[in-house]
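Q: I have a protein model open on my screen and no clue how to read it. Can you walk me through it, one feature at a time?

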Amino acid sequence: MKNTNKNKGRFKNIFSSHSTSPDNSISKSSTHSVSSSSSTSSPYPSPPPSCPSTPLHRFSESMMEENIDNAEILITKWSLQTNTGFAAASSLLYDDRKEAKNFISCVKDLQRAMRFFILPENSNSVLLMRSQNLTETAMKRLQKEFYQILSTNRDRLYPESISGHGSEKSRGSTSSYDEEIDQSSDEDEIQRVSNSINEVEQVGTVAMNDLKMISDCMISSGYGKEIVSIYKIIRKSIVDESLYKLGVERMTPTQINKMDWEMLDFKIKTWVYAVKIVVKTLFIGERILCDYVFTSETSRESCFTAITKDSALELFQFPELVAKGKKSPEKMFRILDLYDAISELWPEIESIFSYQSMSNVRAQAVSSLLKLGEAVRAMLTDFEAAIQKDSSKALVAGGAIHPLTRYVMNYLCFLSDYTVILSDILADWPLPENTSLPESYFGSSLDTEDDSTSTISVRFAWLVLVLLCKLDGKAALYKDVPLSYLFLANNLNYVVSKVRGSNLRVLLGEEWISKQELTVKQYSINYERMGWSKVLSCLPTNPTASISLGAAKECLLSFNTAFETAYRTQSAWIITDSKLRDQIKVSICKKVVPVYREFYDTNRAALTRERNVETLVRYSPDDLMNYLSDLFYGMKVSGSGTSNC
């Protein structure tokens with residue numbers, strides 16, 4: 001009678017509340033002790049002194065007793081407490097699946113028997129106690145089976161296969177095998193690989209079904225806490241192990257701040273790679289498995305939360321810690337990668353972690369997005385300030401591309417690859433009120449909804465304008481005015497070419513590009529006018545007109561001096577873009593050589609009679625073309641180049 005009283009608390013839980021929640025189920029440690037001799041302490045009404053016995057009642061009681069007898073045979077066979085060792089070393093589900101189903105059926109029969117004998121009019125403490133003892137024995141067996149399935153099927157119940165990606169991966173593996181096998185025409189090998197893949201998937205499906213069957217049976221029997229506890233421990237270990245293998249580890253703000261950039265860059269790239277796998281396979285796989293194994297929504301939420309919550313919080317906290325760390329220009333692109341990864345995965349994150357108990361996981365992902373966005377805006381502000389504060393007064397030799405131009409434009413080109421992300425981050429971040437883009441620089445209207453005038457387009461246009469203004473100041477440092485114009489033409493042409501070859505072309509638009517190309521042309525014209533005006537001024541306005549021999553000599557001497565000075569100076573100048581270089585050389589040739597040729601042909605006969613003709617006539621028209629073709633390579637060379645005129 002002592003054992004009977006010990007288990008009445010569990011009976012009340014099973015048959016009175018009919019709760020299947022693991023939080024409401026009663027384990028051995030929480031079983032209430034009820035004295036059979038005390039009517040006041042018993043949760044059940046005492047049976048009447050005498051119960052009428054009817055044929056139907058006796059038949060029902062006989063059936064229940066027969067069910068108990070049948071259950072006892074099978075449950076005792078598989079009891080872990082038997083002395084044979086067979087039950088402990090074998091597996092009910094793997095050794096005899098038909099018997100396993102009969103085992104579950106016997107447990108259900110015991111539940112029906114207990115519900116029958118718990119009623120006051122059917123009270124039979126001996127049969128009730130017998131049913132309860134057999135149920136406990138069966139639960140220990142099923143608990144062991146549940147543990148075995150989870151432990152031995154870790155690979156087959158890997159979340160990647162559960163989430164459906166395993167099938168795709170398997171098919172991909174089959175394709176790679178097929179390509180190799182086709183070369184050898186080994187059809188048997190193809191079939192073997194295909195069968196192996198199908199076998200793994202089938203075993204995983206069987207394991208899931210077995211877990212669900214045991215879970216339903218144990219929870220309905222009031223052993224929800226036991227089964228949920230086993231499930232949480234094993235599945236959490238799988239999640240933790242998977243994250244470790246993917247290189248995801250817990251990081252503190254101090255660790256991140258002390259980490260050198262190369263290591264942090266590696267950690268960020270590892271995280272970006274891992275987070276997609278973790279969310280799309282690991283977490284969603286665990287959610288699917290929880291939903292499949294447990295019928296109760298409470299059990300599902302409890303298990304999934306216990307298994308993934310800590311890992312998810314640590315995973316989604318990492319980007320926020322990076323965003324709060326030290327900021328530098330090279331971190332911009334990794335910050336954007338982190339933002340892109342979370343924003344792309346947000347629909348899955350919101351769906352997988354939809355439980356109320358996981359609200360802080362969703363909140364952490366959102367917080368990381370916000371902090372990353374703030375970091376991007378802060379770094380863009382610092383980037384603009386760095387351009388404006390550049391105080392280098394060192395002149396670039398030959399008026400070539402300034403290092404600041406290369407750095408800024410390369411940075412902006414890479415940045416333009418993140419247009420979609422930046423559009424989201426910069427949507428509510430317009431330029432300050434005291435800054436504006438000149439209408440002549442960026443279109444006639446900035447109030448339209450066209451892409452070229454969107455917030456992000458304006459932001460990029462503004463950064464380029466800040467650079468161009470800085471270049472204007474650096475051009476003024478050149479004492480040679482023609483060289484300052486060549487410097488501007490070089491650098492603006494470089495800016496335009498970078499815009500044309502990147503996503504900046506879409507952001508800034510064709511109109512912007514056309515305007516800057518016209519400016520490059522104007523800079524070139526100004527250079528030619530100021531760099532070659534002295535040379536041209538040495539020749540008569542009408543080169544074919546007849547002039548005195550003395551005047552012709554004076555013109556030639558002046559021309560020789562002016563041309564040699566211009567050539568000696570400008571042969572050290574540089575035009576880096578070959579197309580621009582050829583355009584400018586052709587333009588100079590067309591301005592200088594035809595005029596000189598006409599003057600040369602008109603006065604050649606008279607000049608050849610002079611004794612010092614070599615001193616007077618130093619260059620033929622072809623010599624001039626050769627000399628001019630050698631310009632803008634950054635070195636002084638002989639006049640033996642190929643003509644470009």
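A: Sure, let's start with one helix and what it hides. The buried residues of α22 are Ala552, Cys555, Leu556, Phe559, Asn560, Ala562, Phe563, Ala566, Tyr567 and Gln570. Keep in mind that we're looking at a predicted model.

Q: How many residues does helix α22 have, and what length should they span?

A: Helix α22 covers residues 549-570, which is 22 residues, and at 1.5 Å a residue they should span 32 Å. The C-alpha atoms at its ends are 31 Å apart, so the model agrees with that expectation.

Q: Okay, zooming out: how many helices and how many strands does the chain have?

A: The count is 25 helices and zero strands. The chain has 645 residues, and 47% of them are buried. As for contacts with a separation of 6 or more, 80% of them join residues 24 or more positions apart.

Q: Where should I be careful with a prediction?

A: The general idea is that where pLDDT is low, you shouldn't read the predicted coordinates in detail. Here the mean pLDDT of the chain is 79, with 75% of the residues at 70 or more. Residues 1-52 are a stretch to treat with care: pLDDT stays under 50 there, though the model has 84 contacts beyond four places in sequence for them. Residues 189-200 also stay under 50, and for these the model has nine such contacts.

Q: And what about empty space inside? How do you even find it?

A: You roll a probe the size of a water molecule over the atoms, and that shows where empty space is left. In this case, a search of the whole structure finds three cavities of 30 Å³ or more. The largest cavity has a volume of about 80 Å³, and the second largest has about 40 Å³.

Q: Which residues line the largest cavity?

A: Gly247, Val248, Glu249, Met251, Lys267, Thr270, Trp271 and Phe318 do. Sorted by type, that lining has four nonpolar, two polar and two charged residues. Helix α13 (residues 261-293) gives the largest share, three residues.

Q: And which residues line the second largest cavity?

A: That lining is made of Glu249, Arg250, Met251, Glu314, Gln317, Phe318 and Leu321. Here the split is three nonpolar, one polar and three charged. Look for Glu249, Met251 and Phe318 on your screen: they appear in the lining of the largest cavity and also in that of the second largest.

Q: Pockets are next on my list. What volume does the second largest pocket have, and how many residues line it?

A: The second largest pocket holds about 420 Å³ of space. It's lined by 17 residues, and Asn493, Val520, Lys521, Leu580 and Gln583 lie nearest its centre. The elements that each give two or more residues to this lining are α20 (481-500), α21 (504-537) and α23 (578-607). By type, the lining has five nonpolar, five polar and seven charged residues.

Q: Can we stay with α20 and look at a single residue?

A: Try Tyr485, which sits in helix α20. Leaving out residues up to four places away in sequence, Tyr485 touches Tyr523, Asn526, Tyr527 and Met530. Tyr485 and Tyr523 are 38 residues apart along the chain, yet their C-alpha atoms are separated by 5.4 Å.

Q: Is Tyr485 buried or partly exposed?

A: Buried means under 20% relative accessible area. Tyr485 has 23% relative accessibility, so it counts as partly exposed.

Q: Can I see another residue read that way?

A: Take Trp346 in helix α15 (residues 332-352). At 24% relative accessibility, Trp346 is partly exposed too. Trp346 touches Arg362, Ala365 and Val366, again not counting residues up to four places away in sequence. Its C-alpha is 10.0 Å from that of Leu369, which is 23 residues apart from Trp346 in sequence.

Q: Last one: how do I read backbone angles?

A: As a rule, most residues other than glycine have a negative phi. Phe632 has a positive value, with phi near 70°. You'll find Phe632 in the segment after α25 (621-629). Phe632 is buried, with a relative accessible area of 1%.

Conventions:
Residues numbered from 1 in each chain as written. Predicted model: local features only at pLDDT ≥ 70, side-chain atom pairs only at ≥ 80, totals over all residues. Heavy atoms only, no water. 1 Å grid on protein atoms, 1.4 Å probe; cavity = no way out; pocket = protein on both sides within 12 Å on 5 of 7 lines; lining within 4 Å. Points joined across faces, edges and corners; volume = space filled by probe spheres on them. Helix = DSSP H or I, 4+ residues; strand = E, 2+ residues; numbered from the N terminus. Nonpolar A, V, L, I, M, F, W, Y, C, P; charged D, E, K, R; others polar. pLDDT = per-residue confidence, 0-100. Contact = heavy atoms within 4.5 Å. Buried < 20%, exposed > 50% of the residue type's maximum accessible area, 1.4 Å probe, protein only. Expected span 1.5 Å × (residues − 1).
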